[in-house]
Amino acid sequence: MAAVTDGRARPFRSVLYIPGSKERALEKAKDLPADAIIFDLEDAVAAEEKPAARALLAQVLAEADYGPRARIVRINGLDSDWGRDDVAAFATAIAAGAKVDAILIPKVSTPADLDAVAALIPDVPLWAMMETALGMLNAASIAAHPRLAGMVMGTNDLAKELGSRFRADRLAMQAGLGLCLLAARAHGLTIVDGVYNAFKDEAGLLAECEQGRDMGFDGKTLIHPAQLDIANTAFAPSQAEIDLARRQIAAFEEAEAQGLGVAVVDGRIVENLHIVTARQTLAKAEAIAALHAS
Ligand SMILES: CC(C)(COP(=O)(O)OP(=O)(O)OC[C@H]1O[C@@H](n2cnc3c(N)ncnc32)[C@H](O)[C@@H]1OP(=O)(O)O)[C@@H](O)C(=O)NCCC(=O)NCCSC(=O)C[C@H](O)C(=O)O
Ligand SMILES: [Mg+2]
């Protein structure tokens, strides 16, 4: 399986959180259509369950087959009672062969937060939860960290820090979402949007997926299996987008053959840069098809 560090070539449309303490959910996830799974030891696991969840998860990731789904483990922060034991357990488990594609660090506020985990666990790519006000302001230097491969927006914690209220348009989130997106793209990282808490509200989820997709996010983090299909569809190129990409490439190649630098498709100009986007659309569609075939 390709590594999580593949960046934009690998689909991350749907990234499902699973509490590391829930055996039934860990089992069920093997057959769910998620592009990636975040095996959570942090906020989804109660304090008294954390040691047992850590041991269960290390065992599951050593033995279970999650197919092509990217496997990301969210540890507790190093400033908590459990973070150092989480890192030690997964350093040992990975050295012994457990399949972990990335370690996700909560509440990353500075690059030093990444240094601290990087020093304790070699080789495995790191991902950062972007969910503190300081983290938003330091997004560029965090994204530049050499071990970082991905960012996950933590919009619940961010709303808590900002004191902002939920709004369907996510007005209060826009500055943070934009800063992190800019930072991730400047450094070639994968970046996925935050969760939609009302997991039975399909229309609300779809609207938020479409907003995140239109901003440029690779996908959305999810909390319930019922959210998977909506995110998978929203973040995949539609058939109309695939057809347009093909027509743009064909029209541009024809224009180039005639010595021209610009083509026109559906009344809009098509230049070199649009062809880069068109090829990315086709590559994404192919990567999704390959994922479904595996
Ligand atoms: C939200 C839930 C507590 C709902 O649980 P439940 O009432 O059990 O749901 P259902 O009965 O509808 O479940 C149906 C079946 O689906 C399985 N299931 C449920 N959730 C998951 C899941 N996340 N992954 C895999 N499978 C799941 C159930 O086991 C049922 O299976 P079956 O028995 O076969 O019918 C629950 O969904 C849940 O705990 N979700 C995860 C919550 C979570 O991870 N929260 C932390 C991440 S969010 C966060 O921290 C964001 C960030 O940090 C920020 O700051 O924003
Ligand atoms: Mg959080």
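**Exercise 1. Domain arrangement**

Determine how far apart the C-alpha centres of domain 1 and domain 2 lie in this predicted model, and how many residues each domain gives to the contact.

*Solution.*
Step 1. The chain is assigned two domains, domain 1 (4–234) and domain 2 (239–293).
Step 2. A distance of 32 Å separates their C-alpha centres.
Step 3. Five residues from domain 1 and five residues from domain 2 make up the contact.
Step 4. On the side of domain 1 that touches domain 2, three residues are nonpolar, two are charged and no residue is polar.
Step 5. The UniProt record, an unreviewed entry, lists residues 13–225 as "domain: HpcH/HpaI aldolase/citrate lyase". The C-alpha atoms at the ends of residues 13–225 are 13 Å apart, and the span is 40% helix and 18% strand.

**Exercise 2. The shell around ligand 1**

Identify which element gives the most residues to the shell around ligand 1, and how the shell divides by residue class.

*Solution.*
Step 1. Ligand 1 is surrounded by 23 residues, and the closest are Tyr-17, Ala-44, Gly-154, Asn-156 and Asp-157.
Step 2. Two or more residues of this shell come from each of β1 (14–19), α1 (23–28) and α7 (155–162).
Step 3. The element that gives the most is β1, with four residues.
Step 4. By class, the shell holds twelve nonpolar, five polar and six charged residues.

**Exercise 3. The annotated binding site**

Classify Glu-131 and Asp-157 as buried, partly exposed or exposed, and establish which residues each one touches.

*Solution.*
Step 1. In UniProt, an unreviewed entry lists Glu-131 and Asp-157 under "binding site". The two are spread over 27 residues of sequence, yet they cluster in space, with a largest C-alpha distance of 5.5 Å.
Step 2. Glu-131 sits in the loop between β5 and α5 (133–137), whereas Asp-157 belongs to helix α7.
Step 3. The cut-off for a buried residue is 20 or more other C-beta atoms within 10 Å. Glu-131 has 24 C-beta neighbours inside 10 Å and therefore counts as buried.
Step 4. Asp-157 has 19 C-beta neighbours inside 10 Å, so Asp-157 counts as partly exposed.
Step 5. Outside its neighbours within four places in sequence, Glu-131 is in contact with Lys-107, Gly-154, Asp-157 and Leu-158. With residues up to four places away left out, Asp-157 touches Lys-107, Glu-131 and Thr-132. Lys-107 thus appears in the contacts of Glu-131 and in those of Asp-157.

**Exercise 4. The nonpolar core**

State how many residues the largest nonpolar core has, and which of them have the most contacts inside it.

*Solution.*
Step 1. The largest nonpolar core has 74 residues.
Step 2. Those with the most contacts inside this core are Ile-103, Ala-128 and Cys-180.
Step 3. Taking Ala-128, and not counting residues up to four places away in sequence, the contacts are Ile-105, Val-108, Leu-114, Ile-142, Leu-148 and Met-151.

**Exercise 5. Positive phi outside glycine**

Decide whether Asp-123 and Asp-266, each with a positive phi, are buried or exposed, and locate them.

*Solution.*
Step 1. Most residues other than glycine have a negative phi.
Step 2. Asp-123, although not a glycine, has a positive phi of about 70 degrees. Asp-123 is found in the loop between α4 (111–118) and β5 (126–130).
Step 3. Asp-123 counts as exposed because it has 9 C-beta neighbours inside 10 Å.
Step 4. Asp-266 is likewise not a glycine, and its positive phi is about 50 degrees. The loop between β9 (263–265) and β10 (268–270) holds Asp-266.
Step 5. With 9 other C-beta atoms within 10 Å, Asp-266 is exposed.

Note on methods:
Residues numbered from 1 in each chain as written. Chains lettered and ligands numbered in written order. Predicted model: local features only at pLDDT ≥ 70, side-chain atom pairs only at ≥ 80, totals over all residues. UniProt positions renumbered as here; feature names shortened; annotations may be inferred. Near = placed C-beta within 6 Å. Nonpolar A, V, L, I, M, F, W, Y, C, P; charged D, E, K, R; others polar. Core = buried A, V, L, I, M, F, W, Y, C linked by C-beta atoms within 7 Å. Buried ≥ 20, exposed ≤ 12 C-beta atoms within 10 Å, placed from the backbone. Contact = placed C-beta atoms within 7 Å. Domains from an automatic or database assignment.
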